[in-house]
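Hi,

Here is the structure I said I would pass on. Have a look at it first, and then read my notes underneath.

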Amino acid sequence: MSRNLKLGIFGFGVVGQGLYHVLEETKGIKAEILKICVKNRSKNRALPMKYFTFDKDEVLDNPEVDVVLELIDDPKAAFEIVSAALKKGKAVVTANKKMVADHMTELCELQQLYNAPLLYEGSCCASIPIIRNLEEYYDNDLLSAVEGIFNGSTNFILTKVFAEQKSFDEALAEAQQLGYAESDPRLDVEGFDPKYKLCIILTHAFGLFAEPEEVVNYGIQNISDFDIKIARERGYKIKLVAKSRKVDDKVMAMVMPQFVSPKSQLYKVEREFNGVIVEGAFSEHQFFMGKGAGGYPTGSAVLSDISALTYAYKYEYKKTRQDSGLQLTRDFQIKIYLRFDHTVGIDRDRFDKIYEEYKALDNQYIIGEINFDRLTSSEWFRHPKVNIILLEPEED
Ligand code: HSE
């Protein structure tokens, strides 16, 4: 049964303000903002000061607040707020992917123990309703893969670099100015942000609780003009792709840049858009696309979570009951482009197959097939003069 929800908000940045406007404009939702707790006392606020407090207990201890919206940046403080709110039996909505990914097991336990729901659709791919789809719509499909572009900022940067020949730094500055990037943009550029989202998705797709440290993320920071030239010559774009796939009774998961051909649906995903491909035994191939960053797209996901709370929705973590026992693996084959210079010693015998080799004064590359574990355990995997880009086997 629907009821009028009273909201207490933590944080009034890009997402908080986006949500405020979304709430103002939407017609159907029965929810009102009681208090907004913020940190910075000197900042000018777009709303009357009566809405604001600097004391977290004014929200957490307020018996009238039945939903706490955690929309701050700091994952440590966010976890303290979220766990305190759940312990008080309040429903919580968050968009903080690092916090959720880092504490998934504890957050599940807290929800159960205190019978309080925690929803976090806004934490993954902003406007794309992927978590609720995995949880509810694909609850009985036998999912084999979930992959795609899970980070708006890096996709924005790569689009600008490819389509408009902008420099990496210029494109990053624009992504920051538009409110897409994290406060520490290395989280985007080095692939941590999409990894946190992938870890959350692993729980809802495969019932797997993965610690972010267990999943390899390789970012876009080493992509050079040479790599871009190679991509262009072959008709590819480069996208930062998060991948998870069932391999027998294990799951492979990683975040890496990938050469994407026009045959892939991800090829057309540009700017701050995200794209998610879901593969299931019965549904087969599904593709979702939508804005993956920004105040309104994230606000829309938070709004939908608030709306879901009006009919007492909670995640049941259905896949954790169906697919129990699945574990992560690094024992699988991938096809890569490995670019390096003459100062880096690459042991070619790590490769199972070499399809192509190129050697010039400045740049050398190998295109070949390699075991993921053997790749990630090599000394040169994180070398600053090395760049690695995935190739889909069928795309070469
Ligand atoms: N920095 C994130 C991104 C924000 O660019 O995708 C949305 O999670």
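Below is what I found, going from the overall layout to the ligand and then to a few single residues.

One thing to keep in mind is that this is a predicted model. The domain assignment gives domain 1 as 5–126 + 295–316 and domain 2 as 330–396. Taken over C-alpha atoms, the centres of domain 1 and domain 2 are 44 Å apart.

Next, the ligand. Which residues surround the ligand? The shell is made up of Lys-97, Asn-151, Gly-152, Ser-153, Tyr-180, Ala-181, Glu-182, Asp-188, Asp-193, Lys-197, Gly-292 and Ala-293. Two helices, α7 (152–163) and α10 (192–206), each supply at least two residues of that shell. As for polar contacts, Lys-97 places a polar side-chain atom 2.7 Å from an oxygen atom of the ligand. Gly-152 uses its backbone instead, with an N or O atom 2.7 Å from a ligand oxygen. With Tyr-180 the ligand atom is a nitrogen, and it lies 2.7 Å from a polar backbone atom of that residue. Taken alone, the ligand exposes 250 Å², and 93% of that is buried by the protein.

Now α12, which covers residues 295–310. Does the helix sit enclosed or open to the outside? Of its 16 residues, 12 are buried, so α12 is largely enclosed by the rest of the structure. Among the buried ones are Gly-295, Pro-297, Val-302, Leu-303, Asp-305, Ile-306 and Leu-309. The length of α12 also checks out: at 1.5 Å a residue its 16 residues should span 22 Å, and the C-alpha atoms at its ends are 22 Å apart, which agrees. After α12 comes Ala-312, with a positive phi near 60°.

I went through the cysteines too. How many disulfides does a search of the whole structure find? The search gives 0. Why is there no bond at Cys-124? The closest cysteine sulfur, in Cys-125, is 5.9 Å from the sulfur of Cys-124, and a disulfide needs the two sulfur atoms within 2.5 Å, so the pair is too far apart for a bond. Cys-124 counts as buried because its relative accessibility is 0%, under the 20% cut-off. Cys-37 counts as buried as well, at 8%.

Finally, three single residues that you may want to click on:

- Lys-98 belongs to helix α4 (residues 97–102). Its relative accessible area is 26%, so Lys-98 is partly exposed. From Lys-98 to Ala-78 the C-alpha distance is 9.6 Å, with their positions 20 residues apart in sequence.
- Thr-203 is in helix α10. Thr-203 is buried, with 1% relative accessibility, and its side chain reaches the backbone oxygen of Leu-208 at 2.9 Å.
- Tyr-236 sits in the loop between α11 (225–233) and β9 (237–247). At a relative accessible area of 7%, Tyr-236 is buried. Gln-258 is 22 residues away from Tyr-236 along the chain, and their C-alpha atoms are separated by 9.3 Å.

That is everything from my side for now.

Cheers

Terms used:
Residues numbered from 1 in each chain as written. Predicted model: local features only at pLDDT ≥ 70, side-chain atom pairs only at ≥ 80, totals over all residues. Heavy atoms only, no water. Domains from an automatic or database assignment. Buried < 20%, exposed > 50% of the residue type's maximum accessible area, 1.4 Å probe, protein only. Helix = DSSP H or I, 4+ residues; strand = E, 2+ residues; numbered from the N terminus. Expected span 1.5 Å × (residues − 1). Near = heavy atom within 4 Å. Polar contact = N/O pair within 3.5 Å; in protein donor to acceptor, adjacent residues only side chain to side chain. Areas by Shrake-Rupley, 256 points an atom, 1.4 Å probe, with all protein chains shown as cover.
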